[in-house]
Each structure stands twice: as structure tokens, then as C-alpha cells.
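Colleague: Could you take me through this model, starting with its metal sites? I'd like the cut-offs along the way.

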Amino acid sequence: MEYNMNSLKRALLLAVVAIFALAIMAACGAKDTKNGSASEPIDTGLPADTISNEAFKDLFPLQYESFNATKDMSDTKYGGSVPTSKFDQSKEPLLPILFNGYGFALEYNEDRGHVYANEDIEKIARINDKSFGSCLTCKSTAVPQLLKEENMGDKYWGANFRAEVLPAAKEMGHSPIGCSDCHDPQTMELRVTRPSFAKAMESQGIDISNPTKNQMRTYVCAQCHVEYYFEPEKKEVVFPWANGFKPEEMYEYYETVAKDQGFKSDWQHNISGAPMLKAQHPEFETVSTGTHGKNGVSCADCHMPYERSDGKKKVSSHNWTSPLKNIEASCRTCHADKTAEELKNNVESIQDTHKDALDKAEEISVSSHYYVNKMITAKAPAAKIAEAQELVRKAQWFWDIIAAENSTGFHNPQGAMDSLKMSSEYSSEAIILATEELVKLGVNVDELKAEIEKATKAVLAETDNFKKKDHATNTFFPAQQPPAAPAKK
Ligand code: HEC
Ligand code: HEC
Ligand code: HEC
Ligand code: HEC
């Protein structure tokens with residue numbers, strides 16, 4: 001009896017959900033049916049542990065071809081896939097100051113196509129002989145295999161990147177971000193292969209054991225396009241989501257759960273000596289808390305629109321890149337009331353405003369580091385220095401979690417603005433606190449300001465990206481720790 005009641009309730013609930021979903025789809029005009037949908041299991045005849053993209057080539061030539069189009073390199077106003085250093089004048093030239101003392105001041109590039117992931121991780125100067133396995137987690141199709149007990153199991157995370165993990169992945173015939181990362185090779189159903197994602201969703205009480213197809217169209221991306229850190233014991237990749245997806249909720253996590261685990265910071269800042277956090281590409285968190293995410297629009301809706309490759313058959317584009325390269329298919333399915341030109345202008349005006357606010361937050365953050373450096377050399381009270389360092393850490397988190405996101409504000413314009421505002425406020429508080437102490441100690445604040453400008457100009461004037469970081473400290477602003485190990489390349 002009770003069983004019947006429950007199944008009746010479930011049927012009713014499903015019907016309501018289905019009607020609701022249909023209404024949403026009808027309202028935004030998205031199409032749902034197509035041939036060969038991954039939601040209907042098929043039998044590929046491939047072994048369960050297939051990890052090479054090439055194994056899928058003859059079965060799914062159109063998706064394979066589309067995937068390989070991520071080789072193309074072309075840019076949009078702010079995004080795109082041409083290899084570009086983030087230190088370039090038109091990007092974020094202050095980063096070598098803001099990440100001083102850390103690998104991210106050495107080399108930090110804009111993202112590009114999935115096919116390059118393994119190549120790019122191997123050659124980036126941030127990877128050295130001490131780097132560990134975790135770094136490969138969002139790049140190679142071998143990772144789920146390496147994590148199996150019969151292979152490396154939990155030792156994978158902390159094993160040496162160059163000596164153990166990369167050779168093992170190559171030996172297995174891995175691909176960069178491949179079919180098997182998102183599809184079950186035997187049935188082609190969408191699947192999540194990175195355990196960190198499932199654990200993190202669980203930590204927030206979100207059940208992902210029975211996801212809808214629409215959720216999977218986001219979850220497959222959310223395995224990698226997220227904020228994470230390496231928990232100190234096993235070096236396991238962990239997403240800091242227990243309190244929520246917003247910048248302030250993740251910050252709270254770092255201040256509590258992560259600190260209790262012994263994870264205090266990613267590095268100590270070379271100028272301010274502050275214990276810093278480095279944020280990473282939180283696309284999923286940002287989209288989820290923005291208008292599109294809240295309306296159930298998935299990553300695939302905008303980044304994998306249907307295309308007709310051979311003139312007839314519709315396939316989901318596997319050429320993940322900027323949707324601005326194909327606004328017609330990426331946006332106009334839902335926004336048919338606007339022309340492609342209008343939509344492009346909408347995006348770019350959001351991005352222009354965003355970039356302006358980001359630059360301002362970074363500028364004031366730079367100043368705050370130097371003010372704290374002066375507090376240290378002028379011998380301000382230790383408690384005051386620590387208080388200012390705390391503000392600097394917090395301020396940088398609130399712009400970095402936005403700067404490290406790859407949509408230049410589009411994924412969540414309001415959320416980004418709120419976070420940048422908080423950042424500027426914390427930086428200002430640090431500067432006010434420092435100024436009070438420096439004035440008490442008789443420090444000439446005008447001279448300090450002039451020295452900040454001089455150091456900043458020296459960084460901007462350096463044309464070799466690898467050397468920019470070296471101009472951030474000088475005799476007036478001495479480094480607070482020995483400089484990071486030199487680049488291997
Ligand atoms: C409503 C449409 C939309 C949705 C939904 C969406 N994006 Fe985007 N995404 C964009 C636009 C527009 C840009 C900016 C592209 C540019 O600047 O050229 C972008 C940029 C990006 C970039 C950087 C691309 C580049 O050219 O460097 C990445 C990575 C990305 N999105 C990943 C995701 C992920 C992962 C999700 C889901 C969690 C997602 N996006 C959801 C529209 C969308
Ligand atoms: C980053 C995740 C991801 C990767 C990697 C990936 N796919 Fe997909 N694939 C998807 C998503 C999302 C869909 C849309 C599923 C849906 O809406 O039902 C899809 C759909 C498909 C479909 C169903 C038909 C269609 O076009 O919608 C096939 C077949 C397919 N992919 C083959 C492949 C092959 C072959 C590869 C490797 C070359 C691959 N995929 C790599 C995410 C991925
Ligand atoms: C296994 C991890 C992984 C998965 C799964 C994944 N990505 Fe990525 N993605 C990456 C990495 C790593 C890069 C950067 C590669 C580089 O720069 O070498 C990237 C780059 C991108 C870019 C930038 C491309 C450009 O032209 O600048 C876009 C857009 C993107 N991903 C969207 C998506 C979407 C949408 C999904 C889900 C359908 C997805 N990714 C799934 C790891 C992943
Ligand atoms: C699957 C449907 C869907 C797709 C695809 C989609 N949108 Fe939207 N978009 C929506 C919905 C739903 C809203 C929110 C409803 C509203 O407030 O009007 C929205 C709101 C917006 C807004 C106003 C809110 C904001 O966040 O600023 C802009 C601008 C926008 N979309 C641009 C785009 C662009 C550009 C693309 C392609 C890159 C795109 N959309 C793709 C459904 C979609």
C-alpha cells in the first residue's frame with residue numbers, strides 16, 4: 001500500500017517536472033530531440049577501459065572530427081584560443097606582482113582548445129621536478145584508470161608528475177580530455193569520471209546519483225572547470241564547496257574546513273608576506289549562481305550547440321570554444337528575438353564593464369601588498385601587520401576567483417561585480433590600516449606612493465614575460481622570502 005502511494009507520488013512528481021521542463025524548453029525554444037542522443041544507451045562493442053580518442057574515430061566520425069576542431073586557433077575580443085600570456089599588456093600585466101613568490105608569477109596563460117591540454121601541462125614552467133600527479137587530473141583520459149586500486153589507487157595524487165604519473169599515462173595511450181572522460185565507452189551514456197566532483201557535491205548535500213540529462217550536460221564539464229585545492233595529506237584534488245558556490249562561501253570553507261585539515265595557504269606572498277590562496281577557473285560555480293544557471297541553461301546549451309557536419313545529420317558540437325564564434329547556434333536558439341550582432345554587443349558590453357572593474361581591483365590590490373611591505377620594513381607592530389596581511393589575502397581571493405574565471409564576467413555579471421567590489425573594499429581597509437601605522441612611525445607616505453609607481457612601471461616595462469616578476473621587489477621593497485625556484489625552461 002505504502003509502496004503504491006510512493007510510486008503514485010513519484011509519478012505525479014515526475015509528470016510535474018516533465019511539464020515544467022517542457023514549458024521551459026518551449027519558452028526558450030531549445031530543441032531536445034535528435035538522432036543518436038547520448039541519453040539512449042547504445043552498444044559500441046568497445047572495451048570498458050577504452051581511453052584513446054582514436055578508438056572512437058570510426059564509430060563516431062562526426063563527433064571525432066568536431067572534437068579535433070579544438071585545434072583551431074582564433075580569438076574573440078577577450079576570449080578565444082590563440083596561445084596568449086596573461087601577462088600581456090592587453091590582459092592582466094599586474095599579475096607578476098600579485099602572484100609574486102609563486103609559480104603563477106613565472107608563467108600563466110589563457111586557456112585554449114582541449115586537444116592541447118596534455119601538451120600544455122607538460123611544457124608550462126610551473127611544472128617542475130617536484131610537481132605531483134594531481135596536476136594531470138583535469139587533462140588526461142588516463143586519470144580514472146590510474147586511480148583504480150590495481151594501478152596507482154590513492155597514491156596517484158601525490159606521486160611524482162614527471163617521473164611516475166605522466167609516463168604511466170603515456171604508456172596507457174592517453175588522450176587529452178577525451179570521449180571516455182564524459183561518455184561510458186560501451187554505451188556512450190554521459191558519465192562523471194572524476195571522484196572529486198561527486199565528493200564535493202555530496203559535501204553540499206546535493207545528490208548526483210540520479211541526475212537528469214540536462215544536469216549531465218553541465219556535470220561533465222564541472223568535473224574540471226571548477227575551483228580546487230590539493231588537500232595536504234594525500235595531495236588529493238578537493239573542491240571547496242561544503243558551504244556553497246559563491247566566492248564568500250568558498251572563502252569561508254578555506255578559513256574553516258581547509259585550515260582544520262592543515263591547509264593554510266597556497267604560498268606566502270613575496271611582497272606582503274601574506275599567506276595567500278590561488279583561485280582556479282570556477283566556471284561551474286560562477287554559471288550556477290548566475291542567471292543562466294539558475295534558469296537551468298547547461299554548459300552544453302551554449303558551448304555544444306547542434307551542428308550539421310555532413311549537411312544532414314545533426315550532432316552536438318564537440319568543438320569547445322568561445323560561443324561568440326557561432327552566436328547563431330549558441331544563443332539564438334533561445335534568444336531569437338535578438339540578432340547575432342545585438343547579442344555580441346550585449347556580451348562585449350558586459351565584458352568591457354567587467355574588465356574595467358577587474359583592472360581597478362587589481363591595481364588597488366597591488367598597492368595593498370606594497371603598503372604591507374613597508375609596514376614590515378618600518379617595524380610596525382606584528383599584530384597590525386598580521387591584520388593587514390589577512391585583509392590582503394581576503395582582497396586578493398575576491399578578485400582572483402573572478403579573474404581566474406574564463407568568461408570575462410559573462411557567466412555571471414552581477415556576481416562578478418559583487419565580488420570585485422568586496423575585493424576593493426578589503427584592499428582599501430588594508431591600506432587605511434597600514435597608513436595609520438606608517439604615519440605613527442613617521443614614514444613618508446608620498447614617497448611610498450612614488451616607489452609603488454616606480455616598481456609597477458618597471459614590471460610593465462619588462463618585455464620578457466619570464467622576467468617581469470623580478471622587478472616587483474627592489475631595495476625599497478625587499479622580498480619577504482627567498483625567490484621561487486628558477487624556471488626549468
Ligand atoms: C548562456 C551561455 C553560456 C553558458 C550556459 C556557459 N557559457 Fe561559457 N562562455 C559563454 C560566453 C559568451 C563566453 C565568453 C566567450 C568570449 O569571451 O569569447 C564563455 C566563455 C567560457 C570559457 C572561456 C572560453 C575562451 O574563449 O577562453 C570557458 C572555459 C567556458 N565558458 C566554460 C563554461 C562552462 C564549463 C560552463 C558550464 C558550467 C559554461 N561555460 C556555461 C557562454 C556560456
Ligand atoms: C567534455 C565532455 C565530452 C567529451 C570529452 C566528449 N563528449 Fe560526446 N557529448 C557530450 C555531451 C554533453 C553530449 C550531449 C549529450 C546529450 O545532450 O544527450 C555529447 C553527445 C555525444 C553523442 C551523441 C550524439 C550527439 O552528437 O549529440 C556522441 C555519439 C558523442 N558525444 C561522441 C563523442 C566522441 C566520439 C567523443 C570523443 C572524440 C566525445 N563524444 C567526447 C560530452 C562530451
Ligand atoms: C577532464 C577535464 C575537462 C573537462 C571534462 C572539460 N574541460 Fe574544458 N578545458 C579543460 C582544460 C584543461 C582546458 C585548457 C586546455 C589548455 O589550455 O591547454 C579547457 C579549455 C576549455 C575551453 C577553452 C577553449 C578555448 O578556445 O579557449 C572551453 C570553452 C571549455 N574548456 C569548455 C568545456 C565544456 C563546455 C566542457 C563540458 C562539455 C568541458 N570544457 C569539459 C579541461 C576540461
Ligand atoms: C537554453 C536557452 C539559452 C541559451 C542557449 C542562451 N540563453 Fe541567454 N538567457 C536565457 C534565459 C532563460 C535567460 C533569463 C531569462 C530572462 O531574464 O530574460 C537569459 C538571459 C540572458 C541575458 C540577460 C541576463 C544576464 O545574465 O545578463 C543575456 C545578456 C543573455 N541571456 C545572453 C545570451 C548569450 C549571449 C547567449 C549565447 C552565448 C545566450 N544568452 C544563450 C536562456 C538562454
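Colleague: Which protein atoms are the donors of the iron atom of ligand 3?
Modeller: Happy to help! This is a predicted model, where local features need pLDDT of at least 70, side-chain atom pairs count only at pLDDT 80 or more, and totals for chains, interfaces and linings use all residues. Residues are numbered from 1 along each chain as its sequence is written, chains are lettered from A and ligands numbered from 1 in the order written, and side-chain values use heavy atoms, with hydrogens and water left out. Donors are N, O and S atoms within 2.8 Å of the metal (3.2 Å for Na, K and Ca), and since water is not among the atoms, sites may look incomplete. Lying 2.0 Å from the iron atom of ligand 3, the protein donors are His114 (NE2) and His225 (NE2).

Colleague: What is the arrangement of the donor atoms around the iron atom of ligand 3?
Modeller: Six donors count as octahedral if opposite donors are over 155 degrees apart and all others between 65 and 115. Ideal angles for six octahedral donors are 90 or 180 degrees. Here the 6 donor atoms subtend angles of 86 to 180°, so the arrangement is octahedral.

Colleague: How many residues apart are His114 and His225?
Modeller: Helices (H or I, at least four residues) and strands (E, at least two) are DSSP runs, numbered from the N terminus. His114 sits in the loop between helix 3 (95–98) and helix 4 (117–123), while His225 is in the loop between helix 10 and strand 1 (229–230). The pair links distant parts of the chain, 111 residues apart.

Colleague: Is His114 buried or exposed?
Modeller: Buried means under 20% relative accessible area and exposed over 50%, with partly exposed in between (1.4 Å probe, protein chains only). His225, at 31%, is partly exposed. His114 has a relative accessible area of 16%, so His114 is buried.

Colleague: Which residues coordinate the iron atom of ligand 4, and how many residues apart in sequence are the parts they tie together?
Modeller: His292 (NE2) and His335 (NE2) coordinate this iron atom at 1.9 to 2.0 Å. His292 lies in helix 13 (residues 291–294) and His335 in the loop between helix 15 (327–330) and helix 16 (340–377), so the pair ties together parts of the chain 43 residues apart.

Colleague: What is the relative accessibility of His335?
Modeller: His292 is partly exposed, with a relative accessible area of 29%. His335 also counts as partly exposed, at 32%.

Colleague: Which side-chain atom is 2.9 Å from an oxygen atom of ligand 1?
Modeller: Ligand 1 is surrounded by 23 residues (each with a heavy atom within 4 Å). A polar contact is a pair of N or O atoms within 3.5 Å; within protein, one must be able to donate a hydrogen and the other to accept it, and residues adjacent in sequence count only if both atoms are side-chain atoms. A polar backbone atom of Gly80 is 2.6 Å from an oxygen atom of ligand 1. The 2.9 Å distance belongs to an N or O atom in the side chain of Asp111.

Colleague: Which residue's side chain makes a polar contact with the side chain of Ser66?
Modeller: Ser66 is found in helix 2 (residues 61–68). At 5% relative accessibility, Ser66 counts as buried. At 3.1 Å, the partner side chain is that of Glu307.

Definitions and conventions:
Tetrahedral: all angles 85-135°; square planar, octahedral: opposite > 155°, others 65-115°.
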